[in-house]
Each structure stands twice: as C-alpha cells, then as structure tokens.
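Thanks for coming, everyone. I'll put the sequence and the structure on the screen, and then we'll walk through some local details.

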Amino acid sequence: MIQELSEGIFVGESGAFFIENYSASSKSSKNEEQSTLIKVNKSEIDTEKTKTSEVVSWGPSNSGPKKVLELIAKIGVAGKAVQVATAAHFGTGLSIYEEDDKGELIKKPFRAVPGLNEFDKRNNINLFYSEFINDLEIHDLGFVEFCLLNNYEDVRLIKRHDPIFCRFEVMNESTGKIENVYLNPDWTNYNEKYTSKVPCFSQYDYWEDIKEYCKQKGYRKFIIPFHYVKNGVIYYNKPMWHAPLLNGWADIILSVPEVKKRIAEQALNFQYLVHISEKYFIQKFGQTPSRENVWDKFTPEERKNKTREVVTAMDKHLKGKEAAGRSMMVPMVKGPDGKEEKTIIIEPIENKIKEGAMLPDASAGNTEILFAKGIPPAIVGVAIPGSNNGGRSGSDIREGYTVMCANMVINRTISLLPFYLIRDWNNWGDNLVGAFANTILTTLDKETSGATETTPS
C-alpha cells in the first residue's frame, strides 16, 4: 500500500519515493517521466552559515582549492602538468565550423556568424576559455556566470569565476537541487559583507527551461558549475590527479630542497679532522738545560698563541689546490711502554650525504604527478625512473602529445557546453559546431612547417 506523506513524496513497502517537481509534472499534458535525484542528509556534510542560508565547505577549513593551488605553486612539475594539460585541451582556441547536410564541417571565422563576432568583442571568448579550461584541468570544476539582456532573449556577457571563491549552497531538501552559488574572496576568513549569492543551474538543465525559469523569477544572471565526471560526490569534485598531491608524494618532493638547504647551511664542510697531541708541542719546543719541558713553562696565553700558530700553518698546508700530492712530516714519540706514538693524526671526513641522494625519490614523486594528470613525462623533459630508455626523443614527445590531445575528447565535451548554451540561446544556428583544434607536431619531410592543425571529426 502506497502512502503519500506530502506532495510528491510517497512511502511504500519497498521504500520511499520522491517525485521531482511533482506539482508541475502532475498537471502536464505531456505526462513526462521525471528523473530521480539524490537527497543528501545535511547532518553528514560540513557547512558554514551565511546570513541567508548554508554553504557547503570545500575541504578542511573550507580551504580545499586554496591548498591545492598552493601545492601546485610550490611543485614545479605540478604547475607544468597543469599548463601542458590546459594547452592540449585549449589547442589553438575555439574554432567554429558549419555542418552541411552531409555532415561535413566547414571552418568559419567569427565574423561570418551574425552576433558571434560582436559577442566575442564584448567577452573575448578565447581569453575566457583559457581561464575556464585551466579551472577544469585543476579542479575538474569551473564556474561560469551568464548575464542576460532585459528581454531575456540574449546572453550578453559570460564571466569565469575562480573556483577558489565559489561555494555551493546546501541543496534544497524538497527539490534535491543546488539553487545558489555563493561568492566570497576569502572563505577561510569569512566576512558576510563581501559575500554575493547568484542563482545556480546544473550543466544538465535544458537552456529553454533555464530561460523560462529566469523569466518567472526575474533573474538576469545565473551561474552554471560545469564539471567532469563526479565519482561518489554530490558537491565538489575530487580529481583523481590530486592523489599524489595529497597522499604524501608532495611532502617528499618538497622535503628534498629543504633538506639540501639545511645540509648546505649547517654541515661541517671539512675534508679532514686533525688530532694534535700535547706531546707534539712538548717535542716541538724541547727542554731546558735542566731537562724541563719548555712547553710546561709557557703561560696559558702563550700556549694558546703557539697552538694557533701551529694550527694556522697546518691548515694552510692542507687546503687549496696546491695541497694535492703534498706530504707531511709528523714526529713520533715513545710512550711509557716504549712504543712509538703519532703526535698528529689526520682523518679524512667522509661525506655521508652522497651527491644526488634523495633525488630519485623526488623524481618518482614528480612522475607520479605527471602520470596521474595523464602527461607523458617526455613532454616536459622527464625520463621514466628506472628506464634504460630516456624517453625524450622527438618521436616520444610528438607521439606522447598526440595521444594526450586524443584523450581530451571527453574533457572538451564539457568545456564546449557554455558555447552551445549561448549558441542556442542567442539563436546562432543549430548547424554551428564548436571545437578546439590542435596543432599536431610532425616531421619536416611531411610538413615543411613541422606542424599541422587538426579538424574535428
């Protein structure tokens, strides 16, 4: 037996059922089936209170993206990995193609599409995309704000918001949707005064539905968070490539220069440890006619000066390039047992920290980051640790980059969504196709310039 607890929420013998937007769908003549949304227990998520609502914290102390950016800034190979991934994704920038009836694509300049050229002048599409794609490649998540004309018929402006400033509002319990995004320049030192709330839609929402809702609510701007595949998370993505940054490899990489620095600052950079017996000084200065040791008759200050003279002369004898191949005459004395003893012992100091020690660990950490980000090490001049093949030939670099660009197809499916939303909203034409063409490196015998541009298939 099914029992309706409230509008759209039913309980049966097998479980509870939530019908999204029940009041609207029950009146629809289309009788369209609604998708099921996940509902989240607020007590199980970390939130922060604002004046008007609750926002979902991003990472420990609400500083998850900030911590990642700080690590990337400190680890050179991580920054390079993001740069290379962004460049491979962006290619030569957004290109526009017109699809004919046969499915063939003809490249068109922006000025050939009514409205597009003016939109580009106002928004600088490729500058926007270079930043937006960078966000996706770092966080698997990018926030885009769309601003509408007063008649709601055109998207006038687009703006990329840095994810470090963006936080989701806790999803609405009755709809299962995240309805707003909050913007603040410093979430770790939160100040209500600097917080803005912007309506939010999903990348899965249809543009006409968004347009109609904006008209009903009077919204002239909204944010859509575009994201790569989410794995087991509701709000913020947890990129797989962050694993080596957060599981200890970053600590190893960062510890190597610090340890090296401390060794350089604090190590005893001596080649020898010289032991000088007091018997040396007794022998050196001899005896008086009454067979008393001259050394014993020196005052403490005189002994100190004499010792300094000997040490200075010996140090000068041992140091510098001139010391190579030199010998030293060291007097011997007889001990009480009649055996001869050395009065000076020179002991070479072994460098316990070998040159290049710890560097293999750092190299392994760097490679972990590159592998996690899908960057062939050869592209950034790194050889695979333990490999006999340096892996840095022109062919390795060229083929590695080609494979990397081919793997960007799924990523570009997401990054092109803002373009297609604007294309449809501004009525630029259904036959207009957006793509990020790549410059593919080749050999000079095939292409005199050494490169050729790909065309989307």
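**From one loop to the cores**

Let's start at T50. T50 sits in the loop that connects β4 (47–49) with β5 (54–56). Keep in mind that this is a predicted model.

Is T50 buried or exposed? T50 has 5% relative accessibility, and the cut-off for buried is under 20%, so T50 counts as buried. Which residues does T50 touch, beyond those up to four places away in sequence? They are V55, Y182, Y190 and E192. Take Y190. T50 and Y190 are 140 residues apart in sequence. In space, C-alpha to C-alpha, T50 and Y190 are 9.2 Å apart.

Now step back to the whole chain. The protein has 457 residues, and 36% of them count as buried. There are 15 helices and 20 strands. On contacts, take those in the protein with a separation of 6 or more. Residues 24 or more positions apart account for 59% of them.

Next, sheets. I'll show two.

One is an open sheet of 3 strands, in the order β10-β11-β12. Pairing there is antiparallel. β10 (166–168) and β12 are at the edges with a single partner strand each, so each has one side without a neighbour in the sheet. From one strand to the next, the twist averages 30°. Look at the β10 and β11 pairing. Strand β11 covers residues 180–183, and 3 bridges join β10 to it. Within that pairing, C166 stands opposite L183 in β11.

The other is also an open sheet of 3 strands, with the order β7-β6-β18. Its pairing is antiparallel. Which strands stand at the edges? They are β7 (105–108) and β18, each with a single partner strand, so one side of each lacks a neighbour in the sheet. Here the twist averages 40° from one strand to the next.

Zoom in on β6, residues 94–99. Strand β6 runs antiparallel to β18, and 5 bridges join them. I96 has G434 as its bridge partner in β18. S95 is in β6 too. S95 is buried, at a relative accessible area of 6%. What is S95 in contact with, leaving aside neighbours within four places in sequence? K107, V433, G434, A435 and A437.

Stay with β18, and turn to the rings. The count of aromatic pairs comes to 27. One of them is Y129 with F436, and that pair is edge-to-face. Centre to centre, Y129 and F436 are 5.1 Å apart, with 80° between the planes. Why does this pair tie together parts that are 307 residues apart in sequence? Because Y129 lies in helix α5 (residues 125–139), while F436 lies in strand β18 (residues 432–436). Both rings belong to buried residues. Y129 has 2% relative accessibility, and F436 has a relative accessible area of 5%.

Compare F201 and Y213. This aromatic pair is edge-to-face, at 5.8 Å centre to centre and 85° between the planes. F201 is in the loop between β12 (196–199) and α6 (207–217), and Y213 is in helix α6, so the pair links parts 12 residues apart in sequence. F201 counts as buried, at 10% relative accessibility. Y213 is partly exposed, with a relative accessible area of 33%.

One charge over a ring, quickly. K284 has its charged end over the ring of F285, 5.7 Å from the ring centre.

Last topic: the cores. In soluble globular proteins, nonpolar side chains tend to be buried together. How many residues are in the largest nonpolar core here? That core has 36. The residues with the most contacts inside it are L94, Y129, F146, V155, F222 and L421. Which element gives the most to this core? Helix α5 does, with 6 residues. Now L421. Not counting residues up to four places away in sequence, L421 touches F146, V155, W207, I210 and I224. Another core, of 24 residues, lies apart from the largest one; its members include V68, L71, I138 and M408.

To wrap up, follow one residue across the slides. Y129 is in helix α5 and pairs with F436 of strand β18. Y129 is also among the residues with the most contacts inside the largest nonpolar core. That's my set.

Conventions:
Residues numbered from 1 in each chain as written. Predicted model: local features only at pLDDT ≥ 70, side-chain atom pairs only at ≥ 80, totals over all residues. Heavy atoms only, no water. Phe/Tyr/Trp six-rings, centres within 6.5 Å; stacked < 30°, edge-to-face > 60°. Helix = DSSP H or I, 4+ residues; strand = E, 2+ residues; numbered from the N terminus. Buried < 20%, exposed > 50% of the residue type's maximum accessible area, 1.4 Å probe, protein only. Lys NZ or Arg CZ within 6 Å of the ring centre and 35° of its normal. Contact = heavy atoms within 4.5 Å. Pairing = 2+ DSSP bridges. Axes fitted to C-alpha atoms, helices over the stretch in contact; angles between N-to-C directions. Core = buried A, V, L, I, M, F, W, Y, C linked by side-chain atoms within 4.5 Å.
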